[in-house]
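Reader: I'd like a close look at one part of this protein, please. Could you walk me through the metal site and whatever is packed around it?

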Amino acid sequence: MLHGTDAEVLAIHCSDHRFQAGFYEFLNRQLNLAENYDLLVLPGGPQCLTLVEYLPKFSWAGWKWFRFLVDAHDLRRLILIQHQDCGWYKELPVHLHFSPEPRQRQEEDLRRARAALAKERPELSVELYYAGWDASRHINIEGVDG
Ligand SMILES: [Zn+2]
């Protein structure tokens, strides 16, 4: 796709500086997006699309930005990425999730976001990913099953 046309893709990930290069590499090289995507970067990343009861204003803003980008840019594909050792999750009360285990909490939120999106915008294709360090401290990003 040429630059200047609709992006069609929106990626949402966390602000954590340790993962920015890994996110960039993944989006541009592995997914081949070649810098042609909208990007929403905020603490906890896609969790802003789930916290309706616990942090309603935060969730309201997340959905507001999301709807704006989807409508303004005619987006078709959504890429949600969570990551290992996310500080945002350490601040959240454990009762919000079924499991106290960090990765499971994050994957639960990814699935919650996807379920909410399926109702709100069924035309969007939604992909879920988890970024973590491998043994050599290289960032590896893999898909999360729905
Ligand atoms: Zn984070």
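Author: What follows starts at the metal and works outwards. Keep in mind that this is a predicted model.

Let's begin with the zinc ion. Its protein donors are Cys14 through SG, His83 through NE2 and Cys86 through SG, and they lie 2.0 to 2.2 Å from the ion. Along the chain, these donors follow the spacing C-x68-H-x2-C. The two cysteines come from distant parts of the chain, 72 residues apart: cysteine 14 is in the loop between E1 and H1, while cysteine 86 is in the loop between E3 and helix H3 (87-91). Both cysteine 14 and cysteine 86 are buried.

Now the histidine. Histidine 83 belongs to strand E3, and it counts as buried because its relative accessibility is 0%. What does histidine 83 contact, once you leave aside its neighbours within four places in sequence? The list is Cys14, Asp16, Arg18, Phe19, Phe23, Gln106, Tyr130 and Ala131. Several of those names will come back below.

One loop residue between the donors' stretches deserves a stop. Aspartate 85 is found in the loop between E3 and H3. Its phi is near 60°, a positive value in a residue other than glycine. Aspartate 85 has a relative accessible area of 34%, so it counts as partly exposed.

Next, the aromatic side of the neighbourhood. Phe19 and Phe23, both contacts of histidine 83, form one aromatic cluster with Trp133. Across the whole structure, a search finds five aromatic pairs. One of them joins phenylalanine 19 and tryptophan 133, with 4.8 Å centre to centre and 40° between the planes, a tilted arrangement. This pair also links distant parts of the chain: phenylalanine 19 sits in the loop between strand E1 (9-13) and helix H1 (20-30), and tryptophan 133 is in strand E4 (residues 125-133), 114 residues apart. Phenylalanine 19 has a relative accessible area of 0%, so it is buried. Tryptophan 133 counts as buried too, because its relative accessibility is 18% and the cut-off is under 20%.

Two arginines sit over rings in E4's part of the picture. The charged end of arginine 137 is over the ring of tryptophan 133, 4.3 Å from its centre. The charged end of arginine 103 is over the ring of tyrosine 130, 3.9 Å from its centre, and Tyr130 is one of the contacts of histidine 83.

Arginine 137 also has a backbone detail worth knowing. It takes a positive phi near 60° in the hairpin of E4 and E5, which has five residues between the strands. E4 and strand E5 (residues 139-143) run antiparallel and are joined by five bridges. Alanine 131 stands opposite isoleucine 141 in E5, and Ala131 is another contact of histidine 83.

How does this fit with the nonpolar packing? The largest nonpolar core has 22 residues, and those with the most contacts inside it are Leu10, Ile12, Leu49, Phe66, Leu78, Leu80 and Leu117. E1, helix H2 (56-73), strand E3 (77-83), helix H4 (102-120) and E4 each supply at least two residues of this core. H2 gives the most, with four residues. Apart from this core lies another, of 16 residues, among them Phe19, Phe23, Leu27 and Ile139. Phe19 and Phe23 thus appear by name in this other core, as well as in the aromatic cluster with Trp133.

From E3, follow the chain back to leucine 80. Setting aside neighbours within four places in sequence, leucine 80 is in contact with Ile12, Pro46, Leu110, Ala113, Leu117, Val126, Glu127, Leu128 and Tyr129. Phenylalanine 66 offers a second view of the largest core. It is placed in helix H2 and counts as buried because its relative accessibility is 0%. With the same neighbours left out, phenylalanine 66 is in contact with Leu10, Leu40, Leu49, Leu78, Leu117, Arg121 and Leu124.

A last stop is the partner of E1. E1 and E2 pair in the parallel sense over four bridges, and histidine 13 stands opposite valine 41 in E2. Strand E2 (residues 38-41) has a covered face, Asp38 and Leu40, and an uncovered one, Leu39 and Val41.

Conventions:
Residues are numbered from 1 along each chain as its sequence is written. This is a predicted model: local features need pLDDT of at least 70, side-chain atom pairs count only at pLDDT 80 or more; totals for chains, interfaces and linings use all residues. Side-chain values use heavy atoms; hydrogens and water are left out. Rings of Phe, Tyr and Trp (its six-membered ring) pair if their centres lie within 6.5 Å; planes under 30 degrees apart count as stacked, over 60 as edge-to-face and the rest as tilted. Buried means under 20% relative accessible area, exposed over 50%, partly exposed in between (1.4 Å probe, protein chains only). A charge sits over a ring if NZ of Lys or CZ of Arg is within 6 Å of the ring centre and within 35 degrees of the ring normal. A nonpolar core is a set of buried Ala, Val, Leu, Ile, Met, Phe, Trp, Tyr and Cys residues joined through side-chain atoms within 4.5 Å. Contact means heavy atoms within 4.5 Å. Donors are N, O and S atoms within 2.8 Å of the metal (3.2 Å for Na, K and Ca); water is not among the atoms, so sites may look incomplete. Two strands pair if DSSP finds at least two bridges between them.
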